[in-house]
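Visitor: I should like a close look at a single part of this model. Please take one helix and its surroundings, and describe them in a connected account.

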Amino acid sequence: MAQVEFAPLRTIGDFLFETARFQIPQINDPEKWSNRVLNNLLYYQTNYFLTALLIFLVIGIIHPVQILLGFTALAICFGVFVYFTNSQYKAKRFKHDHPVFCVAAIIAAGYFVVYMLGAVLVFMFGIAFPMLIILIHASLRLRNFKNKFANKMEFVGLKRTPMGLILEGLGQEQEAGS
């Protein structure tokens, strides 16, 4: 496997303004649309990572407490879920030995989730909104010659990038070189 390299940061003119060409994708041809999105994700990956980081930071600056509380609430829920799915026997035995405590814990957990719902939504918005912006840009941005050439280099394995590894992990590596 070739060493992972970061793709160059594309100019703002190429990414958004002067030489950028945008067109609504052909929704009735999902293969062509998918090809455009995957190739743009590979070509503009550094711009997309920076865009996502910038949007998340702006939301974090506007709502810092909600972002931290939302992250904490999700981390606690995830940790409890992992603990109980990995120790089913202990959990069943604990529920059997302490039924009143378990009912109280379920009620407290429900209250915690409802109380923290606003913060969780802000945190999830901080993650989902940049993804939406990236998907819209990757769908609308037409490819140019440099884009096609750089994607061929990625596809034949001469160059490995973080987005290429992510797409490969999602099972999209065969489609990304077209």
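Guide: The account below begins with one helix and then turns to its surroundings. The model is a predicted one, and the helix chosen is H4, which covers residues 64-86.

Helix H4 contains 23 residues and reaches 33 Å from its first C-alpha to its last, close to the 33 Å expected at 1.5 Å a residue. An unreviewed UniProt entry lists four stretches under "transmembrane region", namely residues 41-62, 68-86, 98-117 and 123-142. Residues 68-86 are 100% helix and 0% strand, and the C-alpha atoms at the two ends of this span lie 27 Å apart. For residues 98-117, the corresponding figures are 95% helix and 0% strand, with the end C-alpha atoms 28 Å apart.

The buried residues of H4 are Ile67, Gly70 and Ala73. An α-helix has 3.6 residues a turn, so residues three or four places apart point the same way. The buried residues of H4 pack against two helices, H3 (45-62) and H6 (99-140).

The loop between H3 and H4 holds His63. This histidine, His63, has a relative accessible area of 34% and is therefore partly exposed, since that class lies between 20% and 50%. Although 63 residues separate His63 from Gly126 along the chain, their C-alpha atoms are 9.8 Å apart.

On the other side of that loop, H3 offers two contrasting residues. Asn47 lies in helix H3 and, at 7% relative accessibility, counts as buried because the value is under 20%. Leaving aside residues up to four places away in sequence, Asn47 touches Pro8, Leu9, Arg10 and Phe15. Ile61, also placed in helix H3, counts as exposed because its relative accessibility of 68% is over 50%. Ile61 belongs to a nonpolar surface patch with Leu9, Leu50, Leu53 and Leu57, and together these residues have about 510 Å² of accessible area. Leu9 thus appears twice, as a contact of Asn47 and as a member of the patch.

Beyond H4 in sequence comes helix H5, residues 88-97. A search of the whole structure finds one salt bridge, and the side chains of Asp97 and Arg93 form a salt bridge at 4.0 Å, N to O. Side chains of opposite charge can pair when their charged atoms come close. Asp97 and Arg93 are four residues apart in H5, so about one helical turn separates them. Asp97 itself is partly exposed, with a relative accessible area of 44%.

Definitions and conventions:
Residues are numbered from 1 along each chain as its sequence is written. This is a predicted model: local features need pLDDT of at least 70, side-chain atom pairs count only at pLDDT 80 or more; totals for chains, interfaces and linings use all residues. Side-chain values use heavy atoms; hydrogens and water are left out. UniProt positions are given in the numbering used here, feature names are shortened, and annotations may be inferred rather than shown by experiment. The expected span of a helix is 1.5 Å times one less than its number of residues. Buried means under 20% relative accessible area, exposed over 50%, partly exposed in between (1.4 Å probe, protein chains only). Contact means heavy atoms within 4.5 Å. Patches are made of residues with over 30% relative accessible area and no salt bridge: like charges are joined within 9 Å, nonpolar side chains (Val, Leu, Ile, Met, Phe, Trp, Tyr) within 5 Å. Accessible areas come from the Shrake-Rupley method with a 1.4 Å probe; for residues, only the protein chains shown count as cover.
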